[in-house]
Number of protein chains: 2
Amino acid sequence: MRFSRIGEKYTSKSGILALMDDLGAALQGTDKVYMLGGGNPAHIPQVNEIWRRRMEEILAAGDEFERMLANYDGPQGNKAFLEALAGMLSERYGWAVGPENIAVTNGSQSAFYYLFTLFAGQDSAGKLRKVLFPLTPEYVGYADQPSEAGFFVSRRSVIDEFEEHRFKYRVDLDNLEIGDDIAALCVSRPTNPTGNVLTDSEISALSSVAADRELPLFIDNAYGVPFPGIIFEEVKPVWDRHIILGMSLSKLGLPASRTGIIVADVPVIDALSSLNAVMSLATGSVGQVITTPLLKNGEILRISKDIIRPYYKQKANKALSWIDEFFEGRVDYSVHKSEGAIFLWIWFKNLRVPVSELYERLKKRGVIVVPGQFFFYGLEEEWEHRNQCIRINYGQAEEDVRRGIEIIAEEAQKLHG
Amino acid sequence: MRFSRIGEKYTSKSGILALMDDLGAALQGTDKVYMLGGGNPAHIPQVNEIWRRRMEEILAAGDEFERMLANYDGPQGNKAFLEALAGMLSERYGWAVGPENIAVTNGSQSAFYYLFTLFAGQDSAGKLRKVLFPLTPEYVGYADQPSEAGFFVSRRSVIDEFEEHRFKYRVDLDNLEIGDDIAALCVSRPTNPTGNVLTDSEISALSSVAADRELPLFIDNAYGVPFPGIIFEEVKPVWDRHIILGMSLSKLGLPASRTGIIVADVPVIDALSSLNAVMSLATGSVGQVITTPLLKNGEILRISKDIIRPYYKQKANKALSWIDEFFEGRVDYSVHKSEGAIFLWIWFKNLRVPVSELYERLKKRGVIVVPGQFFFYGLEEEWEHRNQCIRINYGQAEEDVRRGIEIIAEEAQKLHG
């Protein structure tokens, strides 16, 4: 059997797919694993309890359970869900959005696959148009999504070191040239992998640039506000007709319901519905039905603000304190300011080897992290910083995170320059 | 905002998407609608009861509910589900399949999108390779899936009229030339839209041809055995290393769980897992967790054979008898032999206009059907039969199906040549 050229591209396992295989194999043979590598959200008991109660309500509400599982929703999503979310967004933020501005997909990953398919690549005149990522490092899950290489271009970020052992990336707005070959801008906010949250002024600048050029600005808001609220800075959620905002139910604790959400101008929503119809037929209903009443009554905002946000915030703070405790005096390091998302991003400033070597050594000791080089796709120039960072998921069991960090410190010390 | 060339292709609404929009608009303004147009499976009370009981069991089983919703499964699917299904298939049919031969996708539609992406289109040498559909008409949901036109080619079927008002399509094996430009063969069995079930000898011939050429044969078994069992002929389910078998939980009454299944040789499963990781990250867990114990204990076979199959069989028989009752003496018609799936396929042999005109008239009277021309994609020659057939979903409320058929007879009579 021979695959198509594009089929070969998608299965080449050059980057993160190879890493996933490698991890899978590693996990087979190890006794104790400190799993700081994945993207699974934490199990928060109070939140899980709410989903359980909702399912009991659905089972008790006449034939609601049967309608949830046995009826196809349309390719735009479940009507009641679209209306409830539009109502909340317009009431709470004053955005001019109705149900016609929202599309649901089988997970946020699919939503971005659709967006890149829709905008990046050759246009009808045969000209290659690319998606620009203004802030690198950026979410690795985008990297392999285009059907061909060369559809993505990204820019180095500026590093601001604002206190000892802490830094923050900043968009290099002065050097943000946007050629005619750019089809869209894309950022995640909060950013996976770094925990960065673009400031209001950065977003405002990017939005202006995009609007001036009549380009869409994709903002992947899977960790942000209004839900799940894993964002520790006071920033303004924004939407505008040229902004394509991604959201998700995953980090509310419903990742296996595969519910991604896009808020955008009507022509984009129509296009996404078409792609969904062609590629997926319909959206999964379970996540939508579970959350609809909580969108309607605003409960989802309370859950995000009062339960999920503080839960992650204290977890992040603890992990940061353990990093300082174990790294201080042993390793020359800095950690990205923890502004949101479920990851910490550690920068080793003075290893004598690339972090891929650290990753291998950690794996042998059962500590699974993601080496940072995969998050630097689309860069046209070399940047040694690419080989100096790792991502850890701080949301897992505390004793594992603490011990995992201790082992990282030990191994990094051995590799220190 | 400008879309890419491929984005424009997916949103051009030339075929079935335009029909879906048209239907959506039509449904707004009509009083009473006889919905014979969609693909929603019937609500079967005894089956719905089983899914309800399963959810109650999951809620009662410690933290199973939490693990179902709050943990990402891998891109190949849920481990317990893969093992249970592989066990059933190998025990029941003697197929040499293990969990490594099964991949789960977010619905069968996505599975076929992956397969077409994987095999059809330019190969690494730049040569265009196509998917061949040996039996036309074929499932409309494939038609728009390739990223470019020209990736599909199909063959006219032979029409066997074996009794009054009944016919069956047959693969024209004598004229099944397979050029070097063919990358795969694809059939649905039972066939959507016709209710045709390819005979064992047809499948055997297609399988041999594919094996000889080292090509995969895709068999879309969404309605077939072992589940959901909506197949009224005694035929042998087949699998082989070059056969890529599609299955689904949708017609078990779980369409909104979006669970598609592929059984194939290991390299194909690895490739599908990669595509799933890149495009969708993970599979939805709900349908998998609900059905796993029923796969393990074989209960799914009993449900399919003793509940689902007879339910649809008697529905189909009733609808056929109403067609004969209302059409006889008024319209020159034939119906495809009802061998499986949830549709009847009616051939109007002597209308003076294409069925698109009949569709418009029916829509005005609230009767929604699917005009047949959309199921004849990929044909290189003209075939007037293309404009002479409609598909109806016979699984809806009996009074609606009966009255809908009566109205179809009335309108067809007016258009009779």
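These are my notebook entries on how two chains of a predicted model are arranged and where they meet.

Entry one, symmetry. I began by laying chain A on chain B, and found that a turn of 180° with a shift of 0.0 Å along the axis brings them together with an RMSD of 0.0 Å. I therefore noted the two copies as related as by a two-fold rotation axis. I then looked up which residue of chain A comes closest to that axis, and it is A:Asn106, whose C-alpha lies at 3.5 Å.

Entry two, the interface. Counting contacts between the chains, I found 66 residues of chain A touching 67 residues of chain B. On the chain A side, at least two residues each come from helix 1 (5-10), helix 2 (16-29), helix 3 (45-60), helix 4 (64-70), helix 6 (108-119), strand 3 (121-122) and helix 8 (266-280). Helix 8 of chain A gives the largest share of this side, with seven residues. By character, I recorded the side of chain A that touches chain B as 30 nonpolar, 23 polar and 13 charged residues. I also saw that 100% of the interface residues of chain A are interface residues in chain B as well, so the copies meet through the same surface.

Entry three, a helix pair within chain B. I turned to helix 3 (residues 45-60) and helix 11 (residues 299-327) of chain B, which pack at an angle of about 140° with their axes 9 Å apart. In this contact, B:Gln46, B:Val47 and B:Ile50 of helix 3 meet B:Ile303, B:Ile307 and B:Ile308 of helix 11. I sorted the residues of the contact into five nonpolar, one polar and no charged.

Terms used: Residues are numbered from 1 along each chain as its sequence is written. Chains are lettered from A and ligands numbered from 1 in the order in which they are written. This is a predicted model: local features need pLDDT of at least 70, side-chain atom pairs count only at pLDDT 80 or more; totals for chains, interfaces and linings use all residues. Copies are superposed by least squares on the C-alpha atoms of residues with pLDDT of at least 70 in both. Two residues are in contact if their C-beta atoms, placed from the backbone, lie within 7 Å. Helices (H or I, at least four residues) and strands (E, at least two) are DSSP runs, numbered from the N terminus. Ala, Val, Leu, Ile, Met, Phe, Trp, Tyr, Cys and Pro count as nonpolar, Asp, Glu, Lys and Arg as charged, and the others, Gly among them, as polar. Axes are lines fitted to C-alpha atoms, for helices over the stretch in contact, and angles run from 0 to 180 degrees between N-to-C directions.
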